[in-house]
Amino acid sequence: MSSLSARQLALLLLGWRDVGVAYTALADRIRLLILDGRVASGTRLPAERELAAQLEVSRTTVTAAYAELRD
C-alpha cells in the first residue's frame with residue numbers, strides 16, 4: 001500500500017476551500033482526486049494532525065472529512 005504525505009496531498013488540494021462547509025468540501029475534493037486517478041485507490045492518507053497543520057484547519061475538520069470518506 002502506498003502512502004501520501006500531508007504536503008503532497010495539500011498540493012493536490014489547492015482551491016478546496018472554494019465552496020461549502022469545510023469538512024464536506026475537503027472530503028469531496030479528496031474523493032475527486034481518487035476518482036480521477038491522481039490519488040490511487042487504497043493509498044494511505046496522511047495523519048489527521050499532519051494534514052490539519054498543512055492545510056491550516058482544525059483537526060476536527062480533517063477528522064470529519066475522513067469520516068465522510070469512510071462512510
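Is Glu56 buried or exposed? At 70% relative accessibility, Glu56 counts as exposed. The answer, like the rest of this report, rests on a predicted model.

## Glu56 and the loop between H3 and H4

Glu56 belongs to the loop that lies between H3 and H4. Its backbone is notable for the sign of one torsion: phi of Glu56 is near 60°, a positive value in a residue other than glycine. Most residues other than glycine have a negative phi.

## The crossing of H3 and H4

The two helices on either side of this loop are H3, covering residues 48-55, and H4, covering residues 59-70. Their axes come within 8 Å and cross at roughly 120°. H3 and H4 are therefore oblique to each other, since an angle between 115 and 145 degrees falls outside the roughly perpendicular and roughly antiparallel ranges. The crossing of these two helices is right-handed.

On the H3 side, the contact is made by Glu48, Arg49, Leu51 and Ala52. The H4 side contributes Arg59, Val62, Thr63 and Tyr66. Sorted by class, the residues of this contact comprise four that are nonpolar, one that is polar and three that are charged.

## Two glutamates of H3

Glu48 is a residue of helix H3. With a relative accessible area of 18%, Glu48 is buried, because the limit for that class is under 20%. When its neighbours within four places in sequence are set aside, Glu48 is in contact with Arg59, Val62, Thr63 and Tyr66. These four residues are also the ones listed for H4 in its contact with H3.

Glu50 likewise lies in helix H3. Its relative accessible area is 48%, and Glu50 is accordingly partly exposed. Glu50 and Val62 are 12 residues apart in sequence, and their C-alpha atoms are 9.7 Å apart in space.

## The crossing of H2 and H4

Helix H4 also meets helix H2, which spans residues 22-35. The axes of H2 and H4 come within 8 Å and cross at roughly 50°. H2 and H4 are therefore oblique to each other, because this class takes in angles between 35 and 65 degrees. The crossing of H2 and H4 is right-handed.

From H2, the residues that take part are Ala22, Tyr23, Thr24, Leu26, Ala27, Asp28, Ile30 and Arg31. They meet Thr61, Val62, Ala64, Ala65, Tyr66, Glu68 and Leu69 in H4. By class, the contact of H2 with H4 divides into 10 nonpolar, two polar and three charged residues. Val62 and Tyr66 of H4 appear in this contact and also in the contact with H3.

## Salt bridges

The structure holds four salt bridges. Among them is the pair formed by Asp28 and Arg31, whose closest N and O atoms are 2.8 Å apart. Asp28 and Arg31 both lie in helix H2, three residues apart, which is about one turn of the helix. Asp28 is partly exposed, with a relative accessible area of 39%. Arg31 is also partly exposed, its relative accessible area being 30%.

Arg31 takes part in another salt bridge, in which its side chain meets that of Glu68 at 4.0 Å, N to O. This pair links distant parts of the chain, with Arg31 in helix H2 and Glu68 in helix H4, 37 residues apart. Glu68 is partly exposed, with a relative accessible area of 24%. Asp28, Arg31 and Glu68 are thus linked in a network of salt bridges. The members of this network are also listed in the contact of H2 with H4: Asp28 and Arg31 on the side of H2, and Glu68 on the side of H4.

A further salt bridge joins Asp36 to Arg38, with the closest N and O atoms 2.9 Å apart. Asp36 is partly exposed, having a relative accessible area of 39%. Arg38, at 49% relative accessibility, counts as partly exposed.

Key: Residues are numbered from 1 along each chain as its sequence is written. This is a predicted model: local features need pLDDT of at least 70, side-chain atom pairs count only at pLDDT 80 or more; totals for chains, interfaces and linings use all residues. Side-chain values use heavy atoms; hydrogens and water are left out. Axes are lines fitted to C-alpha atoms, for helices over the stretch in contact, and angles run from 0 to 180 degrees between N-to-C directions. A crossing is left-handed if the near helix is turned anticlockwise from the far one by less than a right angle, and right-handed if clockwise. Contact means heavy atoms within 4.5 Å. Ala, Val, Leu, Ile, Met, Phe, Trp, Tyr, Cys and Pro count as nonpolar, Asp, Glu, Lys and Arg as charged, and the others, Gly among them, as polar. Buried means under 20% relative accessible area, exposed over 50%, partly exposed in between (1.4 Å probe, protein chains only).
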